[in-house]
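Visitor: Before we discuss any assignments, could you put the sequence and the structure on screen, so that each label can be held against its criterion?

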Amino acid sequence: YITRLHHPLSSSPLSHQLSQDSTMTDDVVVNHIEIESERSIFLTFVRGIPVSKKEVTQLFTETYGENCVERVQMVNNIGGPGPCQSLYALLVVDSVATMNRILDGQQIKKLRINGRPIWVRKHGRRDVS
């Protein structure tokens, strides 16, 4: 997204020169590039209650917008007598604004996929003490 910041050139000696240039304005355009790590959400699931990648994508696109999901990364990390199950996933959304809408000011938020609980939080490096 683009933010316009007011640039205080009026007190500068160059202000007169710049004001005569028709291509210059008092606004400076700053392009904010949101890197993937700023738009990443960590999802955790309950052992024994499998959730699919398709279900994760469907929940977020239906709730937060058709194009909000950029990528879902899941690894089947629990085996056993039944099918393999992933206990966590990484969800990359289209913007920090979408991530903020999902978390709604909470550090950890509980959501449900077809009645099954999942927990969401901003993905980030955790310090080990």
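**Labels and their reasons**

Guide: Let us begin with Glu 70, which counts as partly exposed because its relative accessibility is 45%, and the model in which this value was computed is a predicted one.

Visitor: What makes 45% a case of partly exposed for Glu 70?

Guide: The class lies between buried, under 20%, and exposed, over 50%, so Glu 70 at 45% falls within it.

Visitor: How do you know that Glu 70 and Arg 39 meet in a salt bridge?

Guide: The N to O distance between their side chains is 2.8 Å, and because the rule asks for a Lys or Arg nitrogen within 4 Å of an Asp or Glu carboxyl oxygen, the pair qualifies. The pair links distant parts of the chain, with Glu 70 in strand E4 and Arg 39 in the loop between E2 and E3, 31 residues apart.

Visitor: Why is Arg 39 called buried?

Guide: Arg 39 has a relative accessible area of 8%, and since buried means under 20%, the label follows.

Visitor: What makes Glu 36 and Arg 71 a salt bridge?

Guide: Their closest N and O atoms are 2.3 Å apart, and the limit is 4 Å, so the pair is counted. Because Glu 36 lies in the loop between strand E2 and strand E3 while Arg 71 lies in strand E4, the pair ties together parts that are 35 residues apart in sequence. Glu 36, at 34% relative accessibility, counts as partly exposed, and Arg 71, at 29%, also counts as partly exposed.

Visitor: How do you know that Arg 116 forms a salt bridge with Glu 55?

Guide: The closest N and O atoms of Arg 116 and Glu 55 are 2.3 Å apart, which is within 4 Å and therefore meets the criterion. Arg 116 lies in strand E7 and Glu 55 in helix H2, so this pair ties together parts that are 61 residues apart in sequence. Glu 55 is buried, because its relative accessible area of 18% is under 20%.

Visitor: How many salt bridges does the rule give?

Guide: The count comes to three.

Visitor: Why are the buried residues of helix H3 said to line one face?

Guide: In H3, which spans residues 96–103, Thr 98, Met 99, Ile 102 and Leu 103 are buried. Seen down the axis of H3, the buried residues fall within an arc of 130°, so they line one face of the helix. They pack against E3, H2, strand E5, strand E6 and E7, and just after H3, Asp 104 takes a positive phi of about 50°.

Technical notes:
Residues are numbered from 1 along each chain as its sequence is written. This is a predicted model: local features need pLDDT of at least 70, side-chain atom pairs count only at pLDDT 80 or more; totals for chains, interfaces and linings use all residues. Side-chain values use heavy atoms; hydrogens and water are left out. Helices (H or I, at least four residues) and strands (E, at least two) are DSSP runs, numbered from the N terminus. Buried means under 20% relative accessible area, exposed over 50%, partly exposed in between (1.4 Å probe, protein chains only). The arc is that of the directions from the helix axis to the C-beta atoms. Contact means heavy atoms within 4.5 Å.
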